[in-house]
Amino acid sequence: MLQAVRVGRIGAGYVLAMGTSGAFIAICVTAIVEGGPGMLATLVVASSLFQFALSARLSLFRRILTPTVAGTVIMLIPVTVMPIIFGFLKDVPEGASGFAAPMSALATLLVIVFIALKATGVLRLWAPVIGVVAGSIVAGFYGLYDIERIVNASWFGLPVGDWPGMDLNFGPAFWTLLPAFVFVTLVGAIETIGDSIAIQRVSWRRPRAADFRAVQGTVAADGMGNLLSGLLGTVPNTTYSTSVAVAELTGVGARRVGVALGLVFIVVAFVPKVLAIILAIPGPVAAAYIGVLLVMLFVVGMKVTLQDGIDYRKGLIAGAAFWLGVGFQNGWIFSDHVSNFAGGLLENGMTAGGLVAILMTTFMELTEPRRSRIEVVLDLSVLPKIRTFLGEFTSRSKWDAGMANRLVGAAEETLLTLLEQSQHSEKQQRRLLVTAHKEGGEAVLEFVAATGEENLQDRIALLGERADATTGEWDVSLRLLRHLASSVRHQQYHDTDIVTVHVNSLESTHQA
């Protein structure tokens with residue numbers, strides 16, 4: 001409910017279901033073995049504080065936690081979960097007919113896929129539910145649906161469990177496991193970032209630029225969930241990526257669905273009869289249903305990876321991270337050594353692949369040529385300084401005067417649009433950091449300034465779709481920027497705007 005509603009800076013403002021984090025299971029088992037449930041609770045609380053810090057300073061990690069990294073982690077989620085799902089296909093009682101599992105799974109799969117491909121309107125929204133019901137009915141004919149479990153469950157009751165308290169001794173075991181918890185939290189945060197970007201892609205009928213303020217809110221709500229999990233003595237939670245697949249499948253992204261989902265969770269916690277109905281669903285039916293969602297989730301991960309374009313560097317990072325993740329997940333890569341490292345941390349494909357993607361992206365960033373930079377006040381009076389700065393950068397890059405003029409023009413129009421936004425946002429005057437570097441045959445300018453209210457990237461796209469006679473001064477600047485730049489990317493964080501402008505050199509333009 002918090003993810004859907006968004007309270008202050010906590011929450012995505014989109015439908016993202018929360019649940020137990022599979023990435024934490026191995027390290028949580030290690031924590032219980034080494035120090036008991038009390039130490040596990042303390043470690044979960046400590047890791048949640050890291051998530052709050054990451055959310056507040058997410059813009060600092062923008063060059064590391066890229067769409068390539070996030071998309072690759074999303075693609076690895078099905079790889080990590082699918083072996084468990086395939087195991088559900090064999091989850092049938094002894095003595096059951098050999099056709100029971102395949103027929104139940106097939107019925108579920110065919111109904112969901114047929115409705116999703118052919119139905120429209122309200123019927124499409126119910127495709128997953130109808131598929132599960134149909135599969136359960138078929139399973140019932142083979143005696144797979146556990147009716148007795150539902151009959152024996154009480155109507156009302158309290159969740160079962162004891163509070164273990166918190167271990168505040170902070171002994172050697174705590175400090176040994178804390179780095180592993182922080183790392184898994186980082187990998188989970190990358191998954192959360194990817195989920196937040198992906199849910200924004202599927203929740204809007206018209207494509208929009210990702211709002212990184214919503215991403216920050218998603219990570220903060222994740223941290224709040226883990227803080228509550230630690231205080232209550234249970235394992236960490238995270239956003240469920242299947243939320244994205246369900247929104248894509250049904251075409252529904254309304255926030256009231258998230259509120260309703262939260263209410264259902266509350267009801268189920270205190271009504272064992274309802275929980276029994278869900279738990280009685282046979283394994284083959286659940287496998288078919290979840291399998292469809294994971295297939296769609298894999299495609300969403302591909303889209304996130306490709307959203308900012310892909311060159312051979314990004315392709316190498318995504319490909320290497322994905323296949324190494326597959327290898328570690330299936331025990332094909334030095335399994336004897338991996339199983340003994342940090343409590344089997346790298347046996348999880350998503351964790352291993354995420355680490356590879358982060359390390360490769362970090363290496364690429366650290367080995368890039370030093371960026372030219374200038375820091376000035378966000379004001380029109382600094383234009384002469386920016387012109388001089390870009391002139392020197394163009395000269396060092398051995399570009400001609402034509403390229404220098406294009407860079408200056410793009411910088412002027414970007415500055416004008418940022419100033420226009422600053423006036424509307426009624427914030428105090430901020431400083432502007434401008435960096436410039438050469439990337440292939442083009443120049444990349446980055447402007448870091450105070451946050452505005454409207455996304456320039458969306459605004460430029462909108463200008464390309466309309467042609468009216470009431471163009472304002474701000475629209476003129478955006479049209480000029482669109483003409484001068486080969487691409488414009490606007491990332492909006494709380495208190496920070498980052499506009500990245502790519503400008504092709506005249507030589508590369510002529511070659512194209």
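## Two enclosed spaces

The count of cavities of 30 Å³ or more comes to two in this structure, which is a predicted model. Rolling a probe the size of a water molecule over the atoms shows where empty space is left. Here is what surrounds each space.

## The largest cavity

How much space lies in the largest cavity? About 90 Å³. Its lining is made up of Leu-58, Phe-61, Arg-62, Leu-65, Thr-66, Pro-67, Ile-193, Ile-197, Phe-212, Arg-489, Gln-491 and Tyr-493. Two elements each give two or more residues to this lining: helix H8 (172-203) and strand S6 (487-493). If you are looking for the largest share, turn to S6, which supplies three residues.

As for chemistry, the lining of the largest cavity divides into eight nonpolar residues, two polar and two charged.

## The second largest cavity

The second largest cavity holds about 30 Å³ of space. Around it you will find Ser-21, Phe-24, Gln-51, Thr-185, Gly-188, Ala-189, Asp-222, Asn-226, Asn-237 and Thr-238. The elements giving two or more residues to this lining are H8, helix H9 (212-232) and strand S2 (237-239). Here the largest share, three residues, comes from H8.

What is the split between nonpolar, polar and charged residues in the lining of the second largest cavity? There are two nonpolar, seven polar and one charged.

## Helix H8

H8 contributes to the lining of the largest cavity and to that of the second largest, so let us follow this helix along its length. Its 32 residues should span 46 Å at 1.5 Å a residue, and the C-alpha atoms at its ends are 46 Å apart, so expectation and model agree.

Where does H8 bend? At Leu-178 there is a bend of about 30°, and a proline, Pro-179, follows within four residues. H8 is also mostly covered, with 23 of its 32 residues buried.

## Three salt bridges

Side chains of opposite charge can pair when their charged atoms come close. The structure holds three salt bridges. One joins the side chains of Arg-213 and Asp-211, at 3.1 Å from N to O. Are these two partners buried or exposed? Arg-213 counts as buried because its relative accessibility is 17%, and Asp-211 is buried too, with a relative accessible area of 17%; the cut-off for buried is under 20%.

Another salt bridge brings together the side chains of Glu-365 and Arg-371, at 2.9 Å from N to O. Glu-365 is partly exposed, with a relative accessible area of 21%. In a further one, the side chains of Glu-412 and Arg-387 meet at 2.8 Å, N to O. Glu-412 belongs to helix H18 (residues 401-425) and Arg-387 to helix H17 (residues 383-396), so this pair ties together parts that are 25 residues apart in sequence. Arg-387 has a relative accessible area of 37%, and is therefore partly exposed.

## A contact across the chain

One last place to visit is Leu-306, in helix H13 (residues 283-306). Leu-306 is partly exposed, at 45% relative accessible area. How far apart are the C-alpha atoms of Leu-306 and Thr-68? They are separated by 7.3 Å, although the two residues are 238 residues apart along the chain.

Methods
Residues are numbered from 1 along each chain as its sequence is written. This is a predicted model: local features need pLDDT of at least 70, side-chain atom pairs count only at pLDDT 80 or more; totals for chains, interfaces and linings use all residues. Side-chain values use heavy atoms; hydrogens and water are left out. On a 1 Å grid over the protein atoms alone, a cavity is a set of points where a 1.4 Å probe fits but cannot get out, and a pocket is an open set with protein on both sides within 12 Å along at least five of seven lines; lining residues have an atom within 4 Å of a point. Grid points are joined across faces, edges and corners, and a volume is the space filled by probe spheres set on the points. Ala, Val, Leu, Ile, Met, Phe, Trp, Tyr, Cys and Pro count as nonpolar, Asp, Glu, Lys and Arg as charged, and the others, Gly among them, as polar. The expected span of a helix is 1.5 Å times one less than its number of residues. The bend at a residue is the angle between axes fitted to the seven residues ending there and the seven starting there. Buried means under 20% relative accessible area, exposed over 50%, partly exposed in between (1.4 Å probe, protein chains only). A salt bridge is a side-chain nitrogen of Lys or Arg within 4 Å of a carboxyl oxygen of Asp or Glu.
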